[in-house]
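Hello,

Here is the structure I promised to hand over. Please have a look at it first, and then read my notes below.

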Amino acid sequence: MTTGANSSETFVIQTVSPAFEYRKVGLASAMAVVLPLIALLVTFVQRRILSAEKVVKS
C-alpha cells in the first residue's frame with residue numbers, strides 16, 4: 001500500500017488516515033459506516049432498474 005501514490009488514495013486509505021494519523025476515530029468510524037450504505041443504495045437502485053427489464057433466455 002503506497003498510501004495513494006500519484007494522488008490516487010482509495011476510500012479505505014482515506015478512512016484509515018484520520019483514525020491513526022489525526023486521532024479522529026469518530027470521523028473514521030462514520031466514514032466506515034457510510035461506505036456500505038452507499039454500496040447498498042447503489043445495489044438497490046441497480047436491482048430496481050435491471051429487474052424492470054425482461055431478461056431474454058436463450
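**What I found**

Met 31 counts as buried, at 18% relative accessibility (buried is under 20% relative accessible area, exposed is over 50% and partly exposed is in between, with a 1.4 Å probe and protein chains only). Before going on, please note that this is a predicted model, in which local features need pLDDT of at least 70 and side-chain atom pairs count only at pLDDT 80 or more, while totals for chains, interfaces and linings use all residues. Residues are numbered from 1 along each chain as its sequence is written, and side-chain values use heavy atoms, with hydrogens and water left out.

Back to Met 31, which is found in helix α2 (helices are DSSP runs of H or I with at least four residues, strands are runs of E with at least two, and both are numbered from the N terminus). Not counting residues up to four places away in sequence, Met 31 touches Phe 11, Gln 14, Thr 15 and Pro 18; contact here means heavy atoms within 4.5 Å. From C-alpha to C-alpha, Met 31 and Phe 11 are 8.8 Å apart in space, with their positions 20 residues apart in sequence.

Thr 15 sits on the other side of one of those contacts, in helix α1. Thr 15 is buried, with a relative accessible area of 11%. Leaving aside neighbours within four places in sequence, Thr 15 is in contact with Ala 28, Met 31 and Ala 32. The side chain of Thr 15 also reaches the backbone oxygen of Phe 11, at 2.8 Å.

Another pair to look at is Ser 29 and Val 16: they are 13 residues apart in sequence and 9.2 Å apart in space, C-alpha to C-alpha. Ser 29 lies in helix α2 and is partly exposed, with a relative accessible area of 41%.

What about the loop? Arg 23 has its place between α1 (11-20) and α2 (25-52). Phi of Arg 23 is near 60°, a positive value in a residue other than glycine. Arg 23 is exposed, at a relative accessible area of 64%.

On the surface, Leu 41, Phe 44, Val 45, Ile 49 and Leu 50 make a nonpolar patch of about 500 Å². One of them, Val 45, lies in helix α2 and is partly exposed, with a relative accessible area of 40%.

Finally, the chain as a whole. The protein chain has two helices and zero strands. Buried residues make up 14% of its 58 residues. The protein chain exposes about 5300 Å², and carbon and sulfur atoms supply 66% of that area (accessible areas come from the Shrake-Rupley method with a 1.4 Å probe, and for residues only the protein chains shown count as cover).

Best wishes

Key:
Polar contact = N/O pair within 3.5 Å; in protein donor to acceptor, adjacent residues only side chain to side chain. Patch = residues over 30% accessible without salt bridge, like charges linked within 9 Å, V, L, I, M, F, W, Y side chains within 5 Å. Salt bridge = Lys/Arg side-chain N within 4 Å of Asp/Glu carboxyl O.
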